[in-house]
Amino acid sequence: TPAAGRIEFDNVTFGFPGAETPVINSASFVAEPGKTTAIIGSTGAGKTVLLNLMLRLYDPQQGSVTIDGAPVDKLTRAQLAESISLVPQRPYLFGGTIATNLRFGRTDASDDELWEALRVAQGEDFVREKELGLDEPVSQGGTNVSGGQRQRLSIARALVAKPLVYLFDDSFSALDVATDARLRAALPDATEGATTIIVAQRVSTITEADQILVMEGGEIVGRGTHDELLTDNEVYQEIVRS
Ligand code: DUT
Ligand code: MG
């Protein structure tokens with residue numbers, strides 16, 4: 001079968017060296033191509049570590065992570081980077097221009113593709129306002145760009161790369177609710193067919209997800225749709241109330 005971007009965690013346990021308790025404990029789930037998997041849970045629950053395990057920033061002590069059946073530890077980080085685009089919780093911009101930053105994952109992207117990605121990421125307006133547009137200089141670390149703008153450029157960069165798998169680590173919570181809603185309305189078309197994994201803080205960001213994983217203390221303590229979890233998962237109910 002051709003590469004599709006199906007991610008499977010099978011009984012994955014990971015702890016940092018020297019720590020007594022694992023930060024990911026016996027996690028199993030499948031994230032399917034063409035579907036959105038959301039991950040929600042309190043700070044320190046292990047959401048970022050879970051995403052980082054897919055990119056092999058660390059390797060688990062137990063269990064396996066596979067992409068289309070291939071164990072990720074048989075792939076190089078460069079191969080993984082071709083399949084998976086991560087929008088990190090703290091996005092990073094490189095010294096260069098807006099265009100060079102957006103083309104980081106795919107240097108042959110046309111200007112039209114960059115503008116389309118910016119439109120979806122809700123970054124089009126502020127780039128158009130720049131005197132040099134796509135050629136506007138960006139300082140290393142993106143210090144001449146606001147936090148929200150950096151976030152949108154980082155999302156646009158992932159869209160330009162057209163990966164099999166998108167990982168959005170808390171990429172929408174810094175946006176105001178209206179912008180978050182517009183972005184999510186545009187996202188399904190832009191990411192069609194891909195595996196999308198969204199770590200979120202706001203429940204409103206993920207109510208439409210095909211599958212929601214609820215994490216607490218390194219464990220997946222609930223899974224289902226929004227409606228299912230509202231009915232039967234106390235941790236999720238608590239998140240909704242807070
Ligand atoms: N942790 C470390 N070292 C690291 C990163 C994380 O010990 O380099 C611990 C902190 C925490 C656990 O791992 O107890 C899970 O961290 P993670 O960053 O995955 O938490 P999160 O769910 O992403 O929290 P937040 O919502 O604050 O981003
Ligand atoms: Mg995190």
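The following paragraphs lead from the overall form of the chain to its metal site and then to individual residues. The structure is a predicted model.

The chain contains nine helices and 12 strands. Its radius of gyration is 18 Å, close to the 18 Å that the globule rule gives for 242 residues, so the chain is as compact as a globular protein of that length. Along the principal axes, the C-alpha atoms occupy a box of roughly 50 × 40 × 40 Å. Of the 242 residues, 48% are buried. The contacts in the chain can also be viewed by their separation in sequence: of those between residues at least 6 apart, 67% connect residues at least 24 apart.

The surface and the charges complete this general view. The accessible surface amounts to about 11,700 Å², and carbon and sulfur atoms account for 48% of that area. The chain carries 21 positive and 34 negative side chains, and the centres of these two sets are 3 Å apart.

The metal site comes next. The magnesium ion (ligand 2) is coordinated by OG1 of Thr48 and OE1 of Gln89, at 2.0 to 2.3 Å. These two residues link distant parts of the chain, being 41 residues apart. Thr48 belongs to helix α1 (residues 47-54), whereas Gln89 is in the loop between β6 (84-87) and β7 (96-97). Are the two residues buried or partly exposed? Thr48 has a relative accessible area of 27% and is partly exposed, because buried means under 20% and exposed means over 50%. Gln89, at 30% relative accessibility, likewise counts as partly exposed.

Beyond the end of helix α1, the loop between α1 and β4 (62-67) contains Arg56. Arg56 is not a glycine, yet its phi is positive, at about 60°. With a relative accessible area of 14%, Arg56 is buried.

Helix α2 (residues 77-83) includes Ser83. Ser83 counts as buried, at 18% relative accessibility. Apart from neighbours within four places in sequence, Ser83 is in contact with Ile67, Pro163, Leu164 and Val165.

Helix α4 (residues 111-120) shows how one helix packs among others. Its buried residues include Leu114, Trp115, Ala117, Leu118 and Val120. An α-helix has 3.6 residues a turn, so residues three or four places apart point the same way. Which helices do the buried residues of α4 pack against? Their partners are α3 (98-102), α5 (124-129), α6 (147-161) and α7 (177-190). Gln122 follows α4 and has a positive phi, near 60°.

The loop between β9 (165-169) and α7 holds Asp176, and Asp170 lies in the loop between β9 and α7 as well. Asp170 has a phi near 60°, a positive value in a residue other than glycine. The two aspartates fall into separate accessibility classes: Asp170 is buried, with a relative accessible area of 9%, while Asp176, at 43% relative accessibility, counts as partly exposed. Asp176 and Gly148 are 28 residues apart in sequence, and their C-alpha atoms are 9.5 Å apart in space.

On the other side of α7 in sequence, Thr191 lies in the loop between α7 and β10 (195-199). Thr191 is buried, its relative accessible area being 8%. When neighbours within four places in sequence are set aside, Thr191 is in contact with Leu159, Tyr166 and Thr196.

The last residue to be considered is Ile220, in strand β12 (residues 219-224). At 17% relative accessibility, Ile220 counts as buried. Which residues does Ile220 touch, not counting those up to four places away in sequence? Its contacts are Ala27, Ser28, Phe29, Leu213, Val214 and Met215. Ile220 and Pro60 are 160 residues apart in sequence, with 16 Å between their C-alpha atoms.

Definitions and conventions:
Residues numbered from 1 in each chain as written. Chains lettered and ligands numbered in written order. Predicted model: local features only at pLDDT ≥ 70, side-chain atom pairs only at ≥ 80, totals over all residues. Heavy atoms only, no water. Helix = DSSP H or I, 4+ residues; strand = E, 2+ residues; numbered from the N terminus. Rg over C-alpha atoms; globule rule 2.2 N^0.38 Å. Buried < 20%, exposed > 50% of the residue type's maximum accessible area, 1.4 Å probe, protein only. Contact = heavy atoms within 4.5 Å. Areas by Shrake-Rupley, 256 points an atom, 1.4 Å probe, with all protein chains shown as cover. Lys, Arg positive; Asp, Glu negative; His and termini not counted. Charge placed at Lys NZ, Arg CZ, Asp CG, Glu CD. Donors = N, O, S within 2.8 Å, 3.2 Å for Na, K, Ca; no water.
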